[in-house]
Amino acid sequence: QVQLMESGGGLVQAGGSLRLSCAASGSIFSINDMGWYRQAPGKPRELVAGISSGGRTRYADSVKGRFTISRDNAKNTVSLQMNSLKPEDTAVYYCNAVISRGILYGSSDYWGQGTQVTVSS
């Protein structure tokens with residue numbers, strides 16, 4: 001039906017950069033908010049960054065000034081540029097999108113499978 005496919009995770013040293021990308025595909029009528037969440041071991045999932053269909057962004061305080069979220073509405077993609085990475089950024093990162101499959105279906109939350117980001121000290 002609808003799939004979110006993430007890419008770009010990996011292992012990086014503290015101070016380094018990574019770029020995560022997520023592409024939505026399937027029976028998509030429209031995409032509202034898109035975002036990135038993360039979950040570290042033993043901790044709840046938290047919002048990292050979000051972006052509305054109009055481009056309004058929001059960030060967790062812990063990543064402000066280091067991470068940048070962007071989206072391409074024509075390609076149904078959302079990206080997260082992560083700079084000045086810290087060991088505490090280590091987590092599984094999940095792409096999220098609020099997607100409508102049509103007027104009769106309303107909107108639902110969809111999640112990617114998650115991609116591991118590990119920052120070594």
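**Notebook: a four-strand sheet, an aromatic pair and a proline**

I began with the hairpin strands and found that S7 and S8 run antiparallel, joined by 6 bridges. I note at the outset that this is a predicted model. For a single position in this pairing I looked up threonine 68, and its bridge partner in S8 is glutamine 81. The hairpin of S7 and S8 has 4 residues between the strands, and asparagine 76 there takes a positive phi near 55°.

Next I went across S8 to its pairing with S3. Strand S8 covers residues 77–82 and is joined to S3 by 6 bridges, again with the two strands running antiparallel. Here I picked arginine 19, whose bridge partner in S8 is glutamine 81. Glutamine 81 had already come up as the bridge partner of threonine 68. I also noted serine 21, which stands opposite serine 79 in S8.

Then I followed S3 to S1. Strand S3 spans residues 18–26 and pairs with S1 over 6 bridges in the antiparallel sense. I checked glutamate 6 and found cysteine 22 in S3 as its bridge partner. Methionine 5 stands opposite alanine 23 in S3.

Put together, the order reads S1-S3-S8-S7, an open sheet of 4 strands with antiparallel pairing. Which strands stand at the edges? They are S1 (2–7) and S7 (67–72); each has a single partner strand, so one side of each is left without a neighbour in the sheet. I also looked up the turn between neighbouring strands of this sheet, which is 15° on average, direction ignored.

I moved on to the aromatic rings. How many aromatic pairs does the structure hold? I found 1. The pair consists of tyrosine 37 and tryptophan 111, with 5.0 Å from centre to centre and 65° between the planes. I wrote it down as edge-to-face, because planes over 60 degrees apart count as such. Where in the chain are the two residues? Tyrosine 37 is in strand S4 (residues 30–39) and tryptophan 111 is in strand S10 (residues 107–111), so I recorded a link between distant parts of the chain, 74 residues apart.

I then asked whether tryptophan 111 is buried, exposed or partly exposed. Its relative accessible area is 36%, so I entered tryptophan 111 as partly exposed. Arginine 45 lies over the face of tryptophan 111, at 4.7 Å from the ring centre. I found arginine 45 also over the face of tyrosine 94, at 3.7 Å from that ring centre.

Last, I looked at proline 87, which is found in the loop between S8 and strand S9 (91–100). With a relative accessible area of 34%, proline 87 is partly exposed. What does proline 87 touch, not counting residues up to four places away in sequence? I listed Ala14, Val119 and Ser121. I also looked up the separation from alanine 24, which is 63 residues apart from proline 87 along the chain: the C-alpha atoms of the two are separated by 29 Å.

How values were computed:
Residues are numbered from 1 along each chain as its sequence is written. This is a predicted model: local features need pLDDT of at least 70, side-chain atom pairs count only at pLDDT 80 or more; totals for chains, interfaces and linings use all residues. Side-chain values use heavy atoms; hydrogens and water are left out. Two strands pair if DSSP finds at least two bridges between them. Axes are lines fitted to C-alpha atoms, for helices over the stretch in contact, and angles run from 0 to 180 degrees between N-to-C directions. Rings of Phe, Tyr and Trp (its six-membered ring) pair if their centres lie within 6.5 Å; planes under 30 degrees apart count as stacked, over 60 as edge-to-face and the rest as tilted. Buried means under 20% relative accessible area, exposed over 50%, partly exposed in between (1.4 Å probe, protein chains only). A charge sits over a ring if NZ of Lys or CZ of Arg is within 6 Å of the ring centre and within 35 degrees of the ring normal. Contact means heavy atoms within 4.5 Å.
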